[in-house]
Structure formats: structure tokens, C-alpha cells
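User: I'm new to this structure and would love a close look at just one part of it. Could you pick a single spot and walk me through its surroundings?

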Amino acid sequence: MAVPARTCGASWPGPVRTARPWPGRGPRPCPDPRGPASGPARPLSLLLPPLLLLVPLLAAPGASAYSFPQQHTMQHWARRLEQEIDGVMRIFGGVQQLREIYKDNRNLFEIQENEPQKLVEKVAGDIESLLDRKVQALKRLADAAENFQKAHRWQDNIKEEDIMYYDAKADAELDDPESEDVERGSKTSALRLDFVQDPNFKNKVNYSYTAVQIPTDIYKGSTVILNELNWTEALENVFIQNRRQDPTLLWQVFGSATGVTRYYPATPWRAPKKIDLYDVRRRPWYIQGASSPKDMVIIVDVSGSVSGLTLKLMKTSVCEMLDTLSDDDYVNVASFNEKAQPVSCFTHLVQANVRNKKVFKEAVQGMVAKGTTGYKAGFEYAFDQLQNSNITRANCNKMIMMFTDGGEDRVQDVFEKYNWPNRTVRVFTFSVGQHNYDVTPLQWMACTNKGYYFEIPSIGAIRINTQEYLDVLGRPMVLAGKEAKQVQWTNVYEDALGLGLVVTGTLPVFNLTQDGPGEKKNQLILGVMGIDVALNDIKRLTPNYTLGANGYVFAIDLNGYVLLHPNLKPQTTNFREPVTLDFLDAELEDENKEEIRRSMIDGNKGHKQIRTLVKSLDERYIDEVIRNYTWVPIRSTNYSLGLVLPPYSTFYLQANLSDQILQVKYFEFLLPSSFESEGHVFIAPREYCKDLNASDNNTEFLKNFIELMEKVTPDSKQCNNFLLHNLILDTGITQQLVERVWRDQDLNTYSLLAVFAATDGGITRVFPNKAAEDWTENPEPFNASFYRRSLDNHGYIFKPPHQDSLLRPLELENDTVGVLVSTAVELSLGRRTLRPAVVGVKLDLEAWAEKFKVLASNRTHQDQPQKCGPSSHCEMDCEVNNEDLLCVLIDDGGFLVLSNQNHQWDQVGRFFSEVDANLMLALYNNSFYTRKESYDYQSACAPQPPGNLGAAPRGVFVPTIADFLNLAWWTSAAAWSLFQQLLYGLIYHSWFQADPAEAEGSPETRESSCVVKQTQYYFGSVNASYNTIIDCGNCSRLFHAQRLTNTNLLFVVAEKPLCSQCEAGRLLQKETHCPADGPEQCELVQRPRYRRGPHICFDYNATEDTSDCGRGASFPPSLGVLVSLQLLLLLGLPPRPQPQVHSFAASRRL
């Protein structure tokens, strides 16, 4: 079939390239010299009819020409590649030989079975026993606290010098010359303690004393605080006694409703770099223990009467209020004037988790004051929200929190319609800012609806008054007595004293005093008792290495959040917030896992084998695997435990090296003196013995290990005999592989940089010794991506060197760049099958790239390359025609492994879309690849700089010149509010200028948590050989793609692009570090995941006394007083701030 000559005017290097026949359209037209046509390029790839693909595309007679390779030719090349790879792995991999070695040493090990149901029940029982010991200690502490407080006699005249205690912040305050205590001289009889380092606490501690932490904004010398310190001192002996009974106890803490924290053992407070805003009443564990779950609607007055400063106070107050909510609570926020509307996209109550609260906090900042006040609109909206039964919610305490600057309307008709006579919804009202409005209507609203009235005149009153409502919610709990004394276990969160990730058991402590004989029972909660359990202590109860590299244990709570999971690895933690990672976000979500999660939350037992997708350890690949899930509830807790096992991990090896002579013989192969002849050995950094010093440097760790083994035996009681015996056995097994296979082979003949073997026992042997210098894989096989993927996949798994698109290309120097090829060793003994090891080779990248060109060519054996003569007709190949033909090997993740283009060798390891976007898109469109998108909720992102506009600091109300000239302004509340803001701003400057977490000064808060979108690709449904055309008008290309049998490789042959007019789109694989690219939170709340709240709810008690509902007075400011205060400010003599005292503090007199 004659083909018209190419007439586009462009010349090709080498033989003149003629145009191909254009199926169904005659000769292919030339590109428009004016440039690409308008409109988007067409990325769609059309499959040519199979019959047409068999027609050779020959050049015109008498012309020097060639054609695109026929399909059978390319299939032949693919078979040659498969045979070469298989041959090298059979010779050097040593899979069969290693099987024989295991069988020859059958007397040195036993095969044990993992029985999932028994395993998971045993671990659940062990965790239950661990937590039960903490529960008993909690109960002893709570009972003692209630008795101590009941016996305590309130002292009105108590003085600071009467109290002796260790102030945990004293050392930091002495080091700070600007500290308030240093300026005025501390009057307390503060203890000075000595501390010793304790590895269990990761801190210096003193076991003879407790420590006390008092929030920065609470005056230590107030009568309430001093009495609190007085009676809680007796807890010290109970703390000490608890530790004697259970030496594994970690922090024991009493968080008082007054803000005082007393904890044991004593340790200095972790002083932040900025203001210490820690308040125990805002900790996740305290919030959960102090009240039952809440359904809360916050309504904010944004009428025109709300001044600039007052509106700022309201915004900050709402944000602080949100921080008092936990994941068991539900909330919505609305603003109102003549009508009410939600401040965010949430149209109903949503779970008060970290991400939803973040949406609220950002939305609140956009509130603008205008219009007139309409309490009726605000309350009707709030009641409608609480009456909506078609959504998931807490279904316990119901409340409305209203922030306003004042008003006259009592909206009694609204309360009569929605809330009376049962008063199931509590109403809390907050008068914000300095004003001269009558507050009686606000007090009336709160008092007639079982709530409380608060005043927030300035910044300093925000934190205390947005958390005191918890005392009101605690009344039904206190009145319920023993029924409410139930231990609850929290979500995972970051310990403020450095323990890392912990869970806490909590138990409320009640006020048991009565005012007199026959008087009503006290209904105040004294505080919450808590005991921490480190996640690492729970992990130690789970099997570590018998489950294999891809088996694991996990646990979730009633919210579906993971307590244990190998993927629970938060990049940054903020101790103000819990670590909430849903099970379906820790793994790749599917319907089967949704069913498993629901069953676990419901407290059921179960077992299910599923086919699912898993993400590789390096997060570059997706594998479709089979997993067995088994789960049981952990009794007496809200947790459920699960076990995940691949089928090949049903059995495992347990070494039985009773022969000490053999132990010594195998141990000698761990000595560096043997490396030159036997290959370099990396040992997994596991806890083989208690006295083994850990090190991130494997050479140093091996040295420490050898030194310890010279002092103890593998059977020593201080060592893990299972780990040690398996390690020594695998040392001998892999050495025999060197002796039988590797030592007598010439690696250079096959262009290999190294051969290696890695085992479940923790050995990675690399041969020859010099290859270890360039070995970058993790010495712990269970944490090595190549190891885990090889176990999950059959055949040979290629792993090119990792390259980030932002980094410079690979440097091909001294032949050090290699491509790993690995495969699992499957061992069948009787009817038991397991995979105890992975073996492989490291290919010399440059040499194998040359070999690849030869294998994908028309050359046979050592013949010279076949060239097209003046009168011959032949097909292009990857060697001779590499200027016109692109030939590549791409792995199952879409990363370039080998190419016939020399200039692409330094791009090996990059996502192929970065090399040839047009071709990668065609492969994806033709189902050679499938895309999987997921979100990482544990990433850390650099903090965004504040977007301040204008010259004034953000958050400061700036009066105009007209205001200064107006006498009425000076006599108004606005002026006084401004003065107070400036005064408190000296201390609380960060509240309006930075996130509170940043003010904590914790190193972890330098970066903030964010959502990162991840995209991975994996092989699609196409498993055959295809010739395909990339239909792109003038720039169309033919390509052939075929999977290589028994590998994770795709062989692609394509015409090089004629022009760059077909850049229709680029597939992205890299992470997107931007919270905005996360899943739309407003859409997610419309389909909430299944969860269950706590089993108990205390929101009502018929004997509750609601008469204590807040009192306050509002008076017009005196001009004389204002002028005097102004002069004091100008003279730099600010009055000493008095402690915030309101009726709750006063009512705590004991």
C-alpha cells in the first residue's frame, strides 16, 4: 500500500520518515502554520479495528522508509524481556535454592499458626485487664477526693503563706523577669524539689510530691484557689498509694472546676515560648468527663448596635465556646438581626469534630453587624435546629447559647411555644461588651429556662465565662450520684507533659456537702479525675512480629476513630485538640470496611475475608489484596479491637536453636569481619533485649547488639527469645544462600549492582559488601516498601529509585543508580504455606537501559543491528530508531523504570506524566491504569502568614478623629472597652492576633495540621496487548502497550510526538498540600458516618435547683471614673487586675 510522502516541510534526523496512512481519512494533513486550532485538544484515544492493526504500514516502493512495528513483533519483544528478567532472577535471586535451604534446616524451626479469633480475644482481654487496673485507681482517687472535700472546713481568711505546695510553673516564672509573681514577689511557701529522669514518663519526676498548675488568667491568691489547694493536698498520699499498688501507672491528675490541676508525680511544667493558655477545663479528657454529650446552637447578635470591639469580643467568645466541645457533641452557629441565618454552609447540627469546628471558626470571622435586633428570629431558628430529628445528633443535653450586647425583648411567646413547661432546652445568655443596657431580660431568659446568665465585658472574661456553663450541665450528674460515677475513656490526644499519644480514663468528682441538716444536696461538680494510658503501653500487648509484615492489630472507639492502627502517625499534634483519625481514613475506604466499622462500633464480634485496596508504605503504589478481618469488643470500655491478617500470614516460623554451638556459628556471620566474604548484614532495630541501646545508625546498632550478646545468651530472661532465635536462624539461612548461589556468580556479567535477601526474622543481607554503601532501604524489613509489596504480589516487583519532581534528576555516576527487583519466597511444608523471606537483585540502570534497547529490537543474538537500506522495507525498533520511536517500561504505579531514550535515564523513578504527559493520559484513558484518590488527614503544612489589612493590628478597634472630639463617645462604654482591651492586650495580645495554639508556644504547633490530597495509580482491567492511536488531529500518535507476565511492568512502544499541540492535560500524582483541596466539609456532613454516643446521658433531674442562674448589674459609667482610669493608663500605672469572681466561684465555698 503506497503512502504519500510527508509534505509538512519538517525534516527528520536519519532516514526520511514518511507519513502514515490516516485510517478512513486519506493522507494526514499537515499542521496549520498559523499554530494550533482554537478550542481544547481532544485527549480521547481511539482503538483501531483489530483487522487494521495487522496491516503492515510499509513505505512507498523505492523510498528509504520504515513502518511502526506490528503487534506480533512487539509481543515478541515483550517475551524476550520476560525471559531475560526471569532468567536473571532464577540464577541470582535464588528463590528455589532458598526453599531448599529452609527444607534442609527443617529441624531448626517450628511452624506456628496464627488463630485470629483466639489472638484477638486474648489481646482484648489483656487490654481490658490493663485498663481495669487504671479504673480501680480512678475510683479510689474519686472517692478520696469527695471525702476530703466534704471534711474540709472553708477558711475565709486563708493566706498564700499558709499553703505549702510545689508550683509546677514556678521555675519558669523565676526565669521570666516579666512574670507577675516575680514583679510583686510570691507570697506562697513554694516547695523546691529535686527530680530524676524517668524513661516511662519521658520526663524528670519526683515521686514524693504532687505538682500544681494554675492557669495564667487565674489569681493564685484568691480565697477560692487557696481553699482548693488546701483540701486537694491530701490527694498526694492517695496518688502515692496507687503507684505502690500499680507501678505501671502514669500521670494521675485531678482537674478542678476552679481551674487548678494537681498531678502526680511532680514534674516541672513544660514552659511555652509564648503565653501559657493551658486550662485543664479545656482539655479533651476534662470536657468528656464533666458532662454528658451536648446538642448546642450558638446564636450571635449582629445588629447594628454591636460596636466594632463588641463584635470582636463575640467572635472570640464563639471560638472559645467551640473549644469546649468534644466529638461526642453536636453544634451549629447562626447570626441574627431581623432574621437568622447560619454563619457557615452547615444548615443543621453537625458533629463538633476538629474539621467542623475549623469551618465554624473561619465563618464566624466574616460576620458583619447591621440591622436591628430580633431575638425572636434567633431563638426560633435555634429551637427549630434542636427539634430536627432527621439528623444524627447527641440526643442528650440541649442548649442555646446567645451572645448579644443587650435588648429589651424577652421573647416569652417563643419559650412558651417551644420549651415550656418541660424546659428540655437550657438557655445561656451572654452580655458582651461594656454598655448601659438593662440586662434584666437576658437574666430572665436564662433563669426561666434552666440556664445561666454571664457577662463578658472584656477580653479577660472570655475564657472563664465560656466554659462555666459546664458546671450547670454537671448538676444532673451530681444529683444522679453513684449512677453517674462511670469511667469513660477518651479519644487519642497529645499529652501536655510529653508522654506522646495517650488515652485517659475519666471519673467525675462530686460535691457531697450540704449547707445544713435537711438542706438540699449540693449539685456542683468538683472536677474530674483522670489517669493516662500511653498508646505505646497498649501496643506492647499486641503481637509484634508473628503477624508478618502486613498483618496488624487496630482498635476504634464509638466514633469510629482509631485508638491503635499502624497508619496512626500524626505529623504534627496540637495538645488542645484530640487526634481524630477515622478508621475509613486510616485505610482505603470501601463497602466491606464500612460494614466492619459499623459492627465494631455496635460492640459485635465478627470475621470477614475481603478483597480490598492497600496503599504502599511509601504511599506511591496501590495493591489489590486479600485480607482477613477479625474483631471483638473490649469489655468495660467503649473500644473494639480488630486483627488483620493476609492469608499467607496464617503461619509463621519460630526458631528452635537449642544447639548452642550452632548459635555461636550463626552469630559469627553477624560480625563485620565476615561481611567481605558473606555480604553486608543489616539487622532490624527491634527490642531484642531490655539493655540494648537503640540507635538510628544501623552500624552502631549492630555494634551495640554484638557487645550485648557477648554478655548475655539468646536464652536470657532479659531478652525476647523469639526475636533473638529467629534473627540468628535467619543469619545462618541467608549465609547459606551466599554460599550456594551468590558467591560463585559474576554479577557484572548480568549488569547487577547487588543481590539481596530480607527475612521476617529481621535480617537483610546485601552481597557484595561494597553494595551496602549505596543501600538505602529500611533495615527493618517490615518497614521496607519493597518487602511488603513483594509479599502482597506474585512475580517480580520492580522498584525504581524514588524521585521527587521538584528535585534535580538522578546523577548517573559510578554506576551507583540501580533498580530493585524483588520477589517473595513461598514455602510449602505439608499443607501449610507461608512467605518467610524476600529475595532480589539490584539492576545497573545504565547497563540495563542499553540491554533493554537490544531486547526490544530486530537484532538477534550478537548480530549487528538491522538497518533499512535504500530499497528495503522494515519495521522500526527501539534500538536503531530511538530517534523516532519511544520505548519504555513503566511500573504499576506509573513510574518510569527503563527507557530507550538516553536523555530520559535521569528521569527514571519519576511519574511518567512528567516525562510524557500525552502518552500517560492515553494509557489512563484506555484503562491501562486506574486512579485512586484519597485524603491524608495527618499531614503538616507550613503556617499561613496572617492576612492583616491596613496599618492597624488585627482585632483592635480604632476610633476616628470625630470620636475623639465627641464628648459623648468618651462617656460611652466604647471608650472604656477600648481602654480595657489595651490593658488586657498587654497580657492577652495573641488572642486577637494568632491562633491560641500558637500562643501555647509548643514546638509541635509551628506547623499546623492540614488535609493533603493523595493520588495513586495502579493497573486497570486491561491485561492484553493493544495497539492504540492517540487521536489528536495533526499530532496523533500510534502506540502499543502490553503487560509483562509475572512482573509489575507495562511495556510501551510509541511514536515520538510530532508536535506539542496535543497537551490536553497532565495527570498528577504528587501530593497537594492545600486544605482547600480536601473533601468539601459541607458535603461530607450531609452523609455522616455511622457513630454511637456514650451509653449514658444525664441531662435531667427533678430535684435540680435552678435558682442559681447568674446575676449581674449594668450601670452608666461615671465620667470622673473614666477620666481617672485614663490618667492612670497614661501615667503607666495600670490598676492591678482583680480576679474574675462571679457567682460560680463564690458558690464553691466549702
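Analyst: Here's a stroll around one threonine and the strands beside it. Bear in mind that this is a predicted model, where local features need pLDDT of at least 70, side-chain atom pairs count only at pLDDT 80 or more, and totals for chains, interfaces and linings use all residues. Residues are numbered from 1 along each chain as its sequence is written, and side-chain values use heavy atoms, with hydrogens and water left out.

Our spot is Thr612, which sits in strand β26 (residues 606-615); strands here are DSSP runs of E, at least two residues, numbered from the N terminus. Thr612 has a relative accessible area of 4%, so it counts as buried (under 20% relative accessible area, 1.4 Å probe, protein chains only). Its side chain makes polar contacts with the side chains of Asp590, at 2.7 Å, and Lys593, at 3.2 Å. A polar contact is a pair of N or O atoms within 3.5 Å; within protein, one must be able to donate a hydrogen and the other to accept it, and residues adjacent in sequence count only if both atoms are side-chain atoms. Leaving aside residues up to four places away in sequence, Thr612 also touches others, including Leu588, Asp623, Glu624 and Val625 (heavy atoms within 4.5 Å).

Next door, β26 pairs with β27 in the antiparallel sense over 10 bridges; pairing takes at least two DSSP bridges. Leu613 stands opposite Glu624 in β27. The two strands, β26 and β27, form a hairpin with six residues between them, and Glu619 in the turn has a positive phi of about 60 degrees. As for β27 (residues 622-633), nine of its 12 residues are buried.

Notes
Helix = DSSP H or I, 4+ residues; strand = E, 2+ residues; numbered from the N terminus. Buried < 20%, exposed > 50% of the residue type's maximum accessible area, 1.4 Å probe, protein only.
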